[in-house]
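Open the structure in your viewer and get ready to select a few pieces one at a time. We will stop at each one and look at what surrounds it.

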Amino acid sequence: MSKENFQTSSNTERFVGDPECPLCGGIGYVRSDHPVGHTNFGKLTVCICRNEEISERNRSKLYALSHLDELKDLIFDNFEPRGRIGLGEHQAASIEYVYNQSKHFATNLEGWLLLQGKVGCGKTHLAAAIGNIAVEKGKQTLFITVPDLLDSLRFSFSDSDTTFEERFEEIRCSPLLILDDFGTQNATSWAQEKLFQIVNYRYINKLPLVVTTNLSLMEIEARIRSRLEDPELVTGVIINAPDYRRPTDDTGHHELSSLSYHGQRTFGSFSLRKDEGLSPQEVKTLEKAYKAAEKFAKKPKGWMVITGDYGSGKTHLAAAIANYQAGLGNPPLFVTLPDLLDHLRATFNPNSPITYDRRFDEIRTAPLLILDDLGTQSMTPWVREKLYQLFNHRYNAQLPTVITTADSLDEMDDRIRSRMLDTRLCKIYAITTPAFTGKKRKYT
């Protein structure tokens, strides 16, 4: 290499190197020592003393292109791998697993990563951490929320600096694309089509993609969903944790759950009513249901149905199961049948923020569903059909379920009763005690 002093033209960036550099003497570039006729004869190259500066400039350019400027601080080092203090084991383990999967993806930057979970559970932090590592590695990255992506495409129709085709190509061909806050359930036909074209292009060409969403897969447009479900390309993970930004909400209860109103109903506070003058048979049925509920709470498996008159203790035992599991960090969906139906009907309101399909899917796929106060004898045909669909799904999937009812089995819908009578899955406990009044009665 040879160093020379000369003025750069007005159209050439003037490089400034290290004044002590023995190669360029501070000029910042050197001329290659190649013989006449060589393709690189007389060409300038940047001096090695400027490598760190060039790398930093490239990183800055990549950050500007990536939209990660404001998310530079979201890195793996400041993410809490097991969430905040107070989470249950199940929730903490869920966060840790997704954290490790995200770090693994950031190492290879291959395939697709689908991050699912409630608002505020850490999806965006992990996605941004992946993007920041990619930029540090020099990989061109585009991090963008789906609403901003769609706005960017719409704006390009009136943008004099770039065409729609150029903007669209930039997005779908980005070496690494991170789509944050993905959701198409309320999108226009045009928006759904553009999103599908982007996802499908990356799917065909196996381009790396990270998607975060608080939707279930069933809520995502069918063509996109089919690609997100490809196990050969996609790693799908779910964070089962509450909103990190709301430290006072440490229960993690589902928004439909009414368990917070039954916090005092535990196994310790349950009375076996031995001093109320109940008959030995009545006491026996109560003890049997109590022991069965304790066993189920420790390891929910199959179905447990508790029948009995109003006030006999059914709801207390169901709530005790729910509170026990919530204490382990596995808050179940605890809901009364009337409330469940109200939640479903509310989705038909045009202003509802959630669709019927999503709400129904949340209920029927809940890891543990506790349905209190089931009664079917006075139901409309629509309600009976919805209940059948709910129970049939959980029956086929063998999802843990607790049901309390004051109805006899003879009053049940035939299709639901047939599933309850399957002893391979369901255990029925009939409490024959009268309603609890707190007063002693004389047994005769």
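**A helix and its neighbours**

Start by selecting the buried residues of helix α12: Val-383, Lys-386, Leu-387, Tyr-388, Leu-390, Phe-391, Asn-392, Arg-394 and Tyr-395. Keep in mind that you are looking at a predicted model. As you look along the helix, here is a handy rule: an α-helix has 3.6 residues a turn, so residues three or four places apart point the same way.

Now show the whole of α12, residues 381–397. How far apart should the ends of its 17 residues be, at 1.5 Å a residue? The expected span is 24 Å, and the end C-alpha atoms are 24 Å apart, so the two agree. Just past the helix, click on Gln-398, which has a positive phi of about 55°.

What do the buried residues of α12 pack against? Select these elements to see: the helices α10 (337–346), α11 and α13 (414–420), and the strands β8 (303–308), β10 (369–374) and β11 (401–405). Let's visit two of the helices.

**First partner: α11**

Select α11, residues 356–364. Its axis comes within 9 Å of the axis of α12, and the two cross at roughly 50°. That angle makes α11 oblique to α12, and the crossing is right-handed. To see the contact, show Tyr-356, Phe-360, Ile-363 and Arg-364 on α11, together with Trp-382, Lys-386, Gln-389, Leu-390, His-393 and Arg-394 on α12. Colour them by class and you will find five nonpolar, two polar and three charged residues.

**Second partner: α10**

Next, select α10. Its axis and that of α12 come within 12 Å and cross at roughly 100°, so α10 is roughly perpendicular to α12. Here the contact is made by Leu-337, Leu-340, Leu-341, Leu-344 and Arg-345 of α10, with Trp-382, Val-383, Leu-387 and Leu-390 of α12. By class, this contact has eight nonpolar residues, no polar ones and one charged.

**A stop elsewhere**

Jump to Val-135 in helix α3, residues 123–136. Is Val-135 buried or exposed? Val-135 has a relative accessible area of 0%, so it is buried. Now draw a line from its C-alpha to that of Leu-176: the two residues are 41 apart in sequence and 9.7 Å apart in space.

**Zoom out**

Finally, show the whole protein, with its 13 helices and twelve strands. Of its 444 residues, 47% count as buried. Among contacts between residues at least 6 apart in sequence, 75% join residues at least 24 apart.

Technical notes
Residues numbered from 1 in each chain as written. Predicted model: local features only at pLDDT ≥ 70, side-chain atom pairs only at ≥ 80, totals over all residues. Heavy atoms only, no water. Axes fitted to C-alpha atoms, helices over the stretch in contact; angles between N-to-C directions. Helix = DSSP H or I, 4+ residues; strand = E, 2+ residues; numbered from the N terminus. Parallel < 35°, antiparallel > 145°, perpendicular 65-115°, else oblique. Left-handed = near helix turned anticlockwise from the far one by under 90°. Contact = heavy atoms within 4.5 Å. Nonpolar A, V, L, I, M, F, W, Y, C, P; charged D, E, K, R; others polar. Buried < 20%, exposed > 50% of the residue type's maximum accessible area, 1.4 Å probe, protein only. Expected span 1.5 Å × (residues − 1).
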